[in-house]
Amino acid sequence: MTQKSGTAPGSGADFPASPLPRRVLFVTGKLAEPALRRVLHEMQPAFEAEVAVMKITVAALMTTPWITRFLEVPPETDLILIPGLCEGDAAVLTRRFGVTAEKGPKDLREIPRYFGQAAAAQNYGSYSIEILAEINNAPKLSRVELRAAADYFRASGADLIDIGCTPGLPFPELGATVRELREAGMRVSVDSFERAEIIAGVEAGAELVLSINQSNLEAARELSGSDARVVVIPDFGEGLDTLDRSIESLERWNVRYLIDPVIEPIGFGFMASLERYAEVHRRYPTTAQLMGVGNITELTSADSTGVNALLLAIGEEVGVRAVLTTEVIPWARGAVREIDIARRLMHHAVANRSVPKGVDDRLVTVKDPEILAYDESELRRLHSEVRDPNFRIFTDRDTITVFNNDIFIRGTDIQVIFSQLGVDEPTHAFYLGRELMKAKLAITLGKTYRQEGALSWGYLTPPDDVKSEHVKLTQRSKRRGSGTRRG
């Protein structure tokens, strides 16, 4: 079940997968140079850091072809790091100088985390828990709807597509549905207690059956000699001791199995059910367990991100090797993607006896792992160096700062701030309104604001607009004598 992926992204930029370099050349512009040097000084990196200040005020306006024309690379440099907002492919620099070149974070304040996570995440990405994504009430869906749901779950990271049958509702298309998914290269499980549906699903290529106990044990006998596995659960309303009889029969018939002690919703024995998982792990230490985490995420009015993280941590410690989830309730939308991240993070934590922190921040969605801000004195220093009318926007924990060469405004009310900017041109007014609203949202939720960049929403973060808004606005400002771009 274990596989590897590439390194996981942190908050906005992938961190390098290779070992830490010995000598890094940081490329920047004139305006950002002091801030970059301060970050590197406070960071005290485990490598030699040099700063190349290009003859340009705003680093984000550089392009990689332009950098290749004017950059001088010192000997023994083994990494060139350019600002993440630079346009163009960093591979242009690699080919020109014969040195690995990468785009770093889009905010230079993230550089310490960029390299810190690179060191912490060597070989990160392994997992030991498979994901079963259930298509609920499959008999009620058309074949087109079933296929679309399966494609979505597979793209989200599911290992098996679980066909959820509905008790009392015939499903004559079950076999054909399983075959279609198998032909598309998907692994399939069948969720049913009905003998006919179990046999039809397995004959069509399903590799796992949910679930078996004394009520339908004879159906499992017919799977003897096949490659299919079953999930065995306690008898209805009974305790773990009822597992022994079922397991004895399965082993006698040579039917492979997982054990599901059944996790109960909060308010209906949740803690006691977690204890059952620990007890099964003690009784059957080499047998894999399954946990139906959807019983918690779907029935708890809380964002599923943190809930899934904790449940996967518990599962990693007590021998769970498969989880069953779905995405029916709106607040659990994205649960499969969340579990795909959580299983890697928790496997790394348990395998390395380290806390699940500072390696992969994609499950931190509403708030940010860290609020990156300049203090007022540093912003005033930046303001003193600005010579153009373009507006720069910054936030800290509770204040928005806007300045250009002429004004310096700090406040929290974006309408009051906007009224002092003196901007009437519709395009500029729209741009500033959008950015100020985003800045207000950042200080309200406790997030890092980056002008013209998306706020970080963990794994939900949208990509930045590839169109260079700052270039367009700067060109307008040259024609109109005003601007809205930060340095």
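Visitor: Which residues does Val323 touch, not counting residues up to four places away in sequence?

Guide: In this predicted model, Val323 touches Ile129, Glu130, Ile131, Leu132, Met291, Val293, Leu312 and Ile339, once residues up to four places away in sequence are set aside. Val323 is also, together with Ile161, Ile163 and Met291, one of the residues with the most contacts inside the largest nonpolar core, which has 44 residues.

Visitor: What makes a set of residues such as this one a nonpolar core?

Guide: The name applies because the members are buried residues of kinds such as Val, Ile and Met, joined through side-chain atoms within 4.5 Å. Val323, Met291, Ile161 and Ile163 belong to the core of 44 residues, and the largest share of this core, six residues, comes from helix 13 (residues 335–352). A second, separate core of 23 residues includes Leu31, Phe47, Phe115 and Phe403. In soluble globular proteins, nonpolar side chains tend to be buried together.

Visitor: Why does Ser304 count as buried?

Guide: The relative accessibility of Ser304 is 1%, and the word buried is used for values under 20%, so Ser304 counts as buried. Ser304 lies in helix 12 (residues 304–318) and, leaving aside its neighbours within four places in sequence, is in contact with Thr297, Trp331, Ala332 and Glu338.

Visitor: What makes the approach of Ser304 to Trp331 a polar contact?

Guide: A polar atom of the Ser304 side chain lies 3.3 Å from the backbone oxygen of Trp331, and because the cut-off is a pair of N or O atoms within 3.5 Å, with one able to donate a hydrogen and the other to accept it, this pair fits the term.

Visitor: How do you know that strand 14 pairs with strand 13 and with strand 15?

Guide: Four bridges join strand 13 to strand 14 (residues 400–403), and four bridges join strand 14 to strand 15; pairing asks for at least two bridges, so both pairs qualify. Ile400 of strand 14 stands opposite Thr395, while in strand 15 the bridge partner of Ile400 is Gly411.

Visitor: Why are strand 13 and strand 15 called edge strands?

Guide: The three strands form an open, antiparallel sheet in the order 13-14-15, and strand 13 (392–395) and strand 15 (408–411) are its edge strands, since each pairs on one side only. Helix 14 (residues 376–385) packs on this sheet and touches strand 13, strand 14 and strand 15, whereas helix 16 (residues 426–445) lies across strand 13 and strand 14, running at about 10 degrees to strand 13.

Note on methods:
Residues are numbered from 1 along each chain as its sequence is written. This is a predicted model: local features need pLDDT of at least 70, side-chain atom pairs count only at pLDDT 80 or more; totals for chains, interfaces and linings use all residues. Side-chain values use heavy atoms; hydrogens and water are left out. Buried means under 20% relative accessible area, exposed over 50%, partly exposed in between (1.4 Å probe, protein chains only). Contact means heavy atoms within 4.5 Å. Axes are lines fitted to C-alpha atoms, for helices over the stretch in contact, and angles run from 0 to 180 degrees between N-to-C directions.
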